[in-house]
Number of protein chains: 2
Amino acid sequence: MNRRDFLGKTAVAAGAAATTIGAPAVWAQGKKYHWKMVTTWPPNFPVLQVGAERFAKRVKEATEGRITIDVFAGGELVPALGCFDAVSAGTVELFSGAAYYWAGKVPSAQWFSSVPFGLNPQGINTWFYAGEGLKLWEECYAPFNLVPRPQGNTGVQMGGWFRKEMNTMADWKGLKMRIPGLGGKVVAKAGGTVVLLPGGEIFTSLERGVIDAVEWVGPLHDLRLGLYKAAQYYYYPGWHEPGTCLEVTFNKKVYDGLPSDLKVILDSVAAETNIWSLSEFESSNGAALEELINKHHVQLKEFPAEMLVQLGKLSTEVLEEEAAKDPQSKKVNEAFKKFRSQIGPWGTVSEKAYYDRIFGKYALKTT
Amino acid sequence: MNRRDFLGKTAVAAGAAATTIGAPAVWAQGKKYHWKMVTTWPPNFPVLQVGAERFAKRVKEATEGRITIDVFAGGELVPALGCFDAVSAGTVELFSGAAYYWAGKVPSAQWFSSVPFGLNPQGINTWFYAGEGLKLWEECYAPFNLVPRPQGNTGVQMGGWFRKEMNTMADWKGLKMRIPGLGGKVVAKAGGTVVLLPGGEIFTSLERGVIDAVEWVGPLHDLRLGLYKAAQYYYYPGWHEPGTCLEVTFNKKVYDGLPSDLKVILDSVAAETNIWSLSEFESSNGAALEELINKHHVQLKEFPAEMLVQLGKLSTEVLEEEAAKDPQSKKVNEAFKKFRSQIGPWGTVSEKAYYDRIFGKYALKTT
């Protein structure tokens with residue numbers, strides 16, 4: 001008979017023998033939690049769903065099974081976009097997703113995933129772990145009984161697949177593009193027509209020319225969806241999502257009721273999953289991009305510099321318009337801009353200079 | 001009487017009542033560890049010593065005191081550069097440092113901290129968490145009974161403080177510079193004279209003109225040392241250390257003997273400390289650089305592009321020469337180059353393009 005068989009039968013299965021000592025702390029320490037985690041991702045979705053499952057596995061290992069989490073992909077238990085409500089209501093203990101999905105309920109949430117011409121992964125991590133980003137995020141979620149933690153990052157995304165070359169701003173006029181969220185608002189401002197499509201219809205719509213362009217994620221996921229078979233030009237950079245942060249979000253009552261050691265373990269494993277996830281993206285995107293270029297002969301193209309200047313201006317307009325709609329968004333947008341202006345000069349002499357002058361030898365030779 | 005008073009008296013203080021069940025797993029779970037951690041950093045050294053202390057605190061919290069770690073700064077228990085030997089011998093359980101300090105014992109260790117014209121933080125993290133970097137590092141340390149984990153990153157460092165302008169490669173000839181390690185070998189190849197100085201003598205030597213230049217870390221630490229009072233020109237980027245990884249390294253017997261939940265907690269808190277540390281550096285360097293520019297009127301200068309091309313070539317020569325001296329270094333250097341060529345094209349279209357086209361609005365206006 002091992003200890004788990006002996007003790008593990010009930011939810012409040014403290015070290016039963018130890019309880020004879022009578023200290024309440026013993027009960028708290030020994031309590032076991034069996035949770036459900038829902039996600040916004042399809043089953044087996046690389047890095048994202050896999051990352052949610054990795055988080056659950058590491059939490060179980062680190063707690064020796066005091067917390068076990070069953071993970072359900074989008075639609076398996078609740079609809080993908082029902083995660084927020086399910087955890088808010090306490091039906092489910094936690095979810096993994098991306099904050100901009102909840103813009104309809106919490107407009108300010110968008111700044112905590114990614115906004116057009118926003119922060120790269122290192123920037124948003126700095127805002128969360130050493131700035132006031134996480135505190136603001138917690139404030140925005142608290143009325144919904146939710147506690148968010150950064151849990152991953154896609155890295156800088158790609159600009160998307162286009163069936164025609166993009167040379168001037170005039171090329172956006174009338175362009176039918178699948179691009180959700182704030183990026184879509186920028187494209188609409190540029191004269192494009194934004195088309196919303198479920199993931200399952202993207203490939204066919206692009207292949208048949210029902211739409212002219214689509215943004216998805218980056219090389220790893222785009223290769224898997226076969227988008228290179230449906231459009232010729234693969235544009236970078238992903239100005240609309242330059243480093244999308246993923247979240248693990250807990251029901252506040254569940255999180256707040258935990259003993260402090262388990263809170264530290266959850267926070268720590270979330271941070272570990274964050275750094276693991278970006279590393280996985282970086283590594284896998286490297287391999288997938290090579291395959292797209294060398295095996296599938298994709299035409300990799302950079303958006304023209306002047307076009308990006310114009311898209312940047314439209315993005316600022318969109319962000320200011322969004323911020324003006326809602327006091328909380330305004331507060332978050334102002335904090336976001338202030339933070340950027342504080343770290344911008346340092347980024348110029350460190351990472352920007354690195355990519356300008358040090359990185360070069362291993363860079364892709366583009367023309 | 002609480003449980004800790006009751007159980008915490010001896011090193012093998014398992015849940016005493018629970019031991020009546022007689023399962024060995026119970027002993028392992030309940031065992032308490034009281035460790036010493038030595039570091040290579042001065043007391044209160046921002047982010048680095050503070051990060052080692054944060055690691056210890058988080059481990060204690062996450063394990064509810066099953067692991068407590070007393071942290072000793074460099075010289076407090078063993079000399080700063082005695083950490084490796086002390087943990088290797090098992091006198092002390094773990095240390096925090098940077099792998100290039102051990103080049104005299106393990107030449108290949110240099111690639112796991114930072115090498116001239118090497119990887120930035122995101123790159124080296126990808127090598128460790130999603131490539132073969134950590135496996136190689138473990139291989140190199142195993143003969144010394146050590147298990148390394150990434151635990152922090154300084155970010156891209158600064159190029160250093162110079163008492164004269166650096167315009168052409170000829171300006172390196174005869175330059176007396178405090179720059180240790182591989183960076184120093186590159187400066188020597190360029191015709192400079194490398195001077196080794198303990199941290200405490202750096203400021204005075206530079207101020208009195210005994211040396212002409214010094215590299216230290218970045219704005220936060222350089223401001224603290226007052227280097228702006230001793231030299232006029234502050235050059236970027238830190239080509240010699242473009243993202244130095246810090247380590248927490250365990251005695252192998254200690255680490256391997258732990259129950260698996262504690263290993264996961266240590267690894268997870270190390271990863272959390274890694275992302276926290278880089279975030280702290282980024283945030284604090286931003287504020288310190290602003291103070292250096294606006295309050296102390298430092299002349300911030302970029303090394304000329306052509307000079308960096310030449311320094312890059314000399315750096316490659318130095319790395320190849322180092323690799324040729326030792327089969328393990330050769331293996332690591334080849335793996336390092338292969339990894340870089342695999343992620344280089346992706347870096348070009350993601351982070352490099354981000355800094356070229358998206359970041360700009362908040363960048364420092366340099367002339």
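Which residue of β9(B) does Gly160(B) stand opposite? In this predicted model, the residue opposite Gly160(B) is Tyr235(B), and this pair is a convenient place from which to begin reading the structure. Gly160(B) and Tyr235(B) face each other where strand β5 (residues 160-162) of chain B pairs with strand β9 (residues 233-236) of chain B, in the antiparallel sense and over three bridges.

These two strands belong to an open sheet of six strands in chain B, whose order is β7-β6-β8-β5-β9-β11 and whose pairing is mixed. At the edges of this sheet are β7 (193-194) and β11 (299-302) of chain B, each of which pairs on one side only.

In chain A, strand β5 (residues 160-162) and strand β9 (residues 233-236) run antiparallel and are joined by three bridges, and within this pairing Trp161(A) has Tyr234(A) as its bridge partner in β9(A). Strand β9(A) also pairs with strand β11 (residues 299-302) of chain A, here in the parallel sense and over four bridges, with Tyr235(A) standing opposite Lys301(A) in β11(A). A general point helps when tracing such strands: in a regular strand the side chains alternate between the two faces of the sheet.

Following chain A onward from this strand, the reader meets a cis peptide bond between Tyr236(A) and Pro237(A), with omega about -5 degrees, and Pro237(A) is found in the loop between β9 and β10 (245-251) of chain A. In chain B the peptide bond from Tyr236(B) to Pro237(B) is likewise cis, with omega near -5 degrees, and Pro237(B) lies in the loop between β9 and β10 (245-251) of chain B.

Two other loops of chain A hold residues with a positive phi that are not glycine. Glu64(A), with phi near 50 degrees, is found in the loop between α3 (48-62) and β2 (67-72) of chain A, and because it has 18 C-beta neighbours inside 10 Å, Glu64(A) counts as partly exposed. Asn145(A), with phi near 60 degrees, has its place in the loop between α6 (133-141) and β4 (146-153) of chain A, and Asn145(A) is also partly exposed, with 17 other C-beta atoms within 10 Å.

Helix α7 (residues 181-189) of chain A, by contrast, is mostly covered, since seven of its nine residues are buried. Among these buried residues are Leu182(A), Lys185(A) and Val187(A), and the buried residues of α7(A) pack against β6 (176-178), β7 (193-194) and α12 (305-324) of chain A. After the helix comes Gly191(A), whose phi is positive, near 105 degrees.

How do the two chains fit together? Chain B can be laid on chain A with an RMSD of 0.0 Å by a turn of 180 degrees and a shift of 0.0 Å along the axis, and the two copies are thus related as by a two-fold rotation axis. Their contact takes 81 residues from chain B and 82 residues from chain A, and the largest share of the side of chain B that touches chain A, 20 residues, comes from α11(B). By class, this side of chain B has 40 nonpolar, 26 polar and 15 charged residues. Because 100% of the interface residues of chain B are also interface residues in chain A, the copies meet through the same surface.

Finally, the predictor's own scores deserve attention. The complex is given an ipTM of 0.92 and a pTM of 0.92, while chain A has a mean pLDDT of 92, with 92% of its residues reaching 70 or more. Over residues 1-28 of chain A, however, the pLDDT is below 50.

Terms used:
Residues are numbered from 1 along each chain as its sequence is written. Chains are lettered from A and ligands numbered from 1 in the order in which they are written. This is a predicted model: local features need pLDDT of at least 70, side-chain atom pairs count only at pLDDT 80 or more; totals for chains, interfaces and linings use all residues. Copies are superposed by least squares on the C-alpha atoms of residues with pLDDT of at least 70 in both. Two residues are in contact if their C-beta atoms, placed from the backbone, lie within 7 Å. Two strands pair if DSSP finds at least two bridges between them. Ala, Val, Leu, Ile, Met, Phe, Trp, Tyr, Cys and Pro count as nonpolar, Asp, Glu, Lys and Arg as charged, and the others, Gly among them, as polar. A residue is buried if 20 or more other C-beta atoms lie within 10 Å of its own, exposed if 12 or fewer, and partly exposed in between; C-beta atoms are placed from the backbone. pLDDT is the predictor's confidence in each residue, from 0 to 100.
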